[in-house]
Amino acid sequence: MRIVFIGPPGAGKGTQCKRLTQMLEIPHLSTGEMLRGTRKESALGRIVSGYIDGGRLAPDYLVMRIVNKRLLESDCQCGCLFDGFPRTLNQAQMLDEQLAIKNNRVDLVLDLRVGQEELVSRLLKRASIENRADDNAETISARLRVFFTQTAPLLDYYKGQGIVRHIDGTRSPDEVFAQIRSCVQATKPKHG
Ligand code: AMP
């Protein structure tokens, strides 16, 4: 099964993705983590850091290059969970094209919903715990703006495919996961 997890920064995607990938035994593809990983490669890393630290999206071609390479690996052949990807309509269309090469498709889109005020307070709390350079007040508001202008419209694209399920992210982590589990159990993966 191929699942896209959409949610604004601070909605609790990371925690839920971990639980879901354990339950389904599929790989967890977080483009945020992949991009942070490139920071060790000096030239590419410097370019990527500029985007991440400014709370701006990395260019689609760069993200697609990393994702497409990862999708060729053997553990991704039976499915995966996309976390933080796609983030633009262009990425969503390129992902569909890439999956279609092997007669695959996105089976389910989880839309994790949390109000903006709650998101800001969660992110500021996380900043003090994890010391992430992109979790300061200025970058947080840039990332939320990017989410609501560039990523949220993706939901309409996927609604057109009839595969979006809404999740109330304000509940406790266990209750959120229960909602996710029932959406997953109600989904039949399509192939070919
Ligand atoms: P995340 O860990 O998902 O919150 O991502 C951290 C940062 O990485 C984002 O604020 C973007 O700068 C960058 N990023 C992650 N995923 C993508 C993506 N799919 N497209 C563009 N930029 C991304």
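**Questions about buried strands, helix H7 and a ligand**

Me: Which residues of H7 are buried in this model?
Reply: In H7, the buried residues are Thr139, Ile140, Ala142, Arg143, Leu144, Val146, Phe147 and Thr151. Please keep in mind that this is a predicted model.

Me: What makes Arg143 count as buried?
Reply: Its relative accessibility is 11%, and buried means under 20%. Because 11% falls under that cut-off, Arg143 counts as buried. You can find Arg143 in helix H7, which spans residues 137-151.

Me: Which residues does Arg143 touch, not counting those up to four places away in sequence?
Reply: Arg143 touches Pro9, Gly55, Arg126, Arg132, Asp134 and Asp135. Each of these is called a contact because heavy atoms lie within 4.5 Å.

Me: What covers the buried residues of H7?
Reply: The cover includes strand S1, helix H3 (42-54), helix H6 (116-130) and helix H8 (154-159).

Me: How do you know that the span of H7 is close to the expected one?
Reply: H7 has 15 residues, and the distance from its first C-alpha to its last is 20 Å. At 1.5 Å a residue, the expected value is 21 Å, so the span of H7 is close to it.

Me: Why is Ser49 called buried?
Reply: Ser49 has a relative accessible area of 17%. The cut-off for buried is under 20%, so Ser49 meets it. Ser49 belongs to helix H3. Leaving aside its neighbours within four places in sequence, Ser49 is in contact with Arg39 and Gly54.

Me: Why is S1 described as mostly covered?
Reply: Strand S1 runs over residues 2-6, and 5 of its 5 residues are buried. On one side these are Arg2, Val4 and Ile6, and on the other Ile3 and Phe5, so both faces of S1 are covered.

Me: What makes S1 and S3 a pair?
Reply: Two strands pair if there are at least two bridges between them. S1 and S3 (residues 80-83) have 4 bridges in the parallel sense, so they pair. In S3, Cys80 is the bridge partner of Arg2.

Me: How do you know that S1 pairs with S4?
Reply: Here, too, there are 4 bridges in the parallel sense, and at least two are needed, so S1 and S4 (residues 108-113) pair. The bridge partner of Ile6 in S4 is Asp111.

Me: Which strand pairs with S3 over 3 bridges?
Reply: That is strand S2 (residues 28-30), in the parallel sense. Ser30 stands opposite Asp83 in S3. Both faces of S3 are covered, with Cys80 and Phe82 buried on one side and Leu81 and Asp83 on the other.

Me: How many residues surround the ligand?
Reply: There are 16, and the closest are Thr31, Arg56, Ala58, Arg87 and Gln91.

Me: What makes the approach of Thr31 to the ligand a polar contact?
Reply: A polar side-chain atom of Thr31 lies 2.8 Å from a nitrogen atom of the ligand. A pair of N or O atoms must lie within 3.5 Å, so this pair qualifies. Gln91 also places a polar side-chain atom 2.9 Å from a ligand nitrogen atom. For Arg56, a backbone N or O atom lies 2.6 Å from an oxygen atom of the ligand. Of the 480 Å² of accessible area that the ligand has on its own, the protein covers 95%.

Definitions and conventions: Residues numbered from 1 in each chain as written. Predicted model: local features only at pLDDT ≥ 70, side-chain atom pairs only at ≥ 80, totals over all residues. Heavy atoms only, no water. Buried < 20%, exposed > 50% of the residue type's maximum accessible area, 1.4 Å probe, protein only. Near = heavy atom within 4 Å. Polar contact = N/O pair within 3.5 Å; in protein donor to acceptor, adjacent residues only side chain to side chain. Areas by Shrake-Rupley, 256 points an atom, 1.4 Å probe, with all protein chains shown as cover.
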